[in-house]
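Trainee: I would like to learn how to read a structure like this one. Please take me through it a feature at a time.

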Amino acid sequence: MLNDWIFIGIFLLLAPIFPALALLIPRLIAPRKPNPLKTETYECGIETYGETWVQFKVQYYIFALVFLIFDIEIVFLFPWAVAFDQLSMFAVLEGVLFIMILVAGLFYIWRKGVLEWV
Amino acid sequence: MSDPVNSIAEWLRMILSSWGLSEGLITVILGVLGVVILASFVLIVDIMLVWIERKIVARFQDRFGPNRVGPYGVLQPIADVIKLLIKEDIMPNGADKFIFNIAPIIALAAVLLLWAVVPLAPTIIGADINVAVLYVVAIGSLGTLAIIMAGWASNNKYALLGAFRTVALLIAYEVPMIIALLVPVLLARSMGMQTIVAAQSTWYIFVVPLAAVILFISSIAELGRTPFDISEAESEIVAGFHIEYTGMKFGLFYAGELLHALTVSALISTLFLGGWRGPFVDQVPILGPVYLFIKSFFVYYLIMWIRYSFPRVRIDQMLGFNWKFLTPLALCLLIVVAILDKLLVGTSQAVYVLVMLGANLMIVWATVLILRKYARVERKRIGEERPVAVPPDTESSELVGQE
């Protein structure tokens, strides 16, 4: 078991090295002649106007919030699924009740109109 | 010699310990070797995927595809790589240099990392950890991070729009994906990939086909492929998040996307199509990867088939489809599977599979009924809002009269 985690750790360290190597080679052999026209932001030939890093639509934030709630609640379900053999029917129904609360929440935000993209 | 990988590992371990190295150091050395071999193998497959993808898309579009470099154009991807390597790397004005450079690295590394838990054969797996499914979900979202970083750092409005859309898309489809992943976990009582494969004496696609379909759809969304490719919609935002990337940096995004598709196919095959299971695999473990790749390429072909057959959907339709259809459906399926599984304790395998399959088909049938009703209402609503166009013959008869 420990060996497996060592493998994952080594993989985490080594995985970025492969693409990094692929980026190193062009750095050595590719030409490098930047000029103001070449490095201009590409927006279909029209000169870029104003700030790029603008504020984003609040809708994205609300969807992210909905996602967060679901994600956290679902993570709680993973142990429930793994320990399914030890659970009595009552515990299973309790898990179902938990999911039903999720569903109720989903229907609530649905009725509230949060899920409409405006 | 039935299992070459492990016997080579044992042999190396023996040699290294005869050199007088400590046990811990040997484990690390073998781990590094394993990682390098696994990653190189995956990357070589990735390079070949470029050729496969281009050849198959050409067939879908009634073309030949690459056929100049080497027989049937098989050397095309190598020519592509050489071209990408010697291309100039352009850094756009005002870009956040560090994040701009590191985003493609993360994009490919995240996909590579997923291969650590894909079981290739009964005895061949990178790391058989007991939380593999959670690991897949966690590492899978690293790819999203890379896309956001790329879009934000490019200092380009198209790239930023693409990144925003990707966020909305990926976090939305993550929910049904995780719920669909819960179903095989529940059936196998484990999050470990090897345990899940070993538990599939009947492939899970025959037990819970609906979960496989939900996972398939949300995986396509997660990949950002058509019909869910609004993050790089060519007709709207040119190339989306990687619009400012050139040369090998673009190449890494491209390779990462292709490899992600194959990785997702491998995961679907592992979770629902029995992974390395196949005839004689217990005697000859080396057949495992062959079976796994056959299944993976079958799923990969399905993904491509969908990619080149469907039009793109709008962002509101896509989010609506996820939150109002896929998520409730997945939750409903999870409830049904959980209760049935507990009720069917002690019954024979055949009864279990048949009841589960029947329940799945019942859910599909109910879904179709609800969708039909919804479509009828919707059609009526659209019909009221937009009156049908005036038939053109009144105009044409006037024209005829003028002549």
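Trainee: How much area does chain A expose, and what share of it do carbon and sulfur atoms supply?

Mentor: Accessible areas come from the Shrake-Rupley method with a 1.4 Å probe; for residues, only the protein chains shown count as cover. Chain A exposes about 7800 Å², and 71% of that is supplied by carbon and sulfur atoms. This is a predicted model: local features need pLDDT of at least 70, side-chain atom pairs count only at pLDDT 80 or more, and totals for chains, interfaces and linings use all residues. Residues are numbered from 1 along each chain as its sequence is written, chains are lettered from A and ligands numbered from 1 in the order in which they are written, and side-chain values use heavy atoms, with hydrogens and water left out.

Trainee: Where is Lys55(B) found?

Mentor: Helices (H or I, at least four residues) and strands (E, at least two) are DSSP runs, numbered from the N terminus. Lys55(B) is found in helix H2 of chain B, residues 23-60.

Trainee: Why does Lys55(B) count as buried?

Mentor: Buried means under 20% relative accessible area, exposed over 50%, partly exposed in between (1.4 Å probe, protein chains only). Lys55(B) counts as buried because its relative accessibility is 15%.

Trainee: Which residues does Lys55(B) touch, not counting residues up to four places away in sequence?

Mentor: Contact means heavy atoms within 4.5 Å. On that count, Lys55(B) touches Phe64(B), Gly65(B), Pro66(B), Asn67(B) and Tyr72(B). The C-alpha atoms of Lys55(B) and Tyr72(B) are separated by 9.1 Å, with the two 17 residues apart along the chain.
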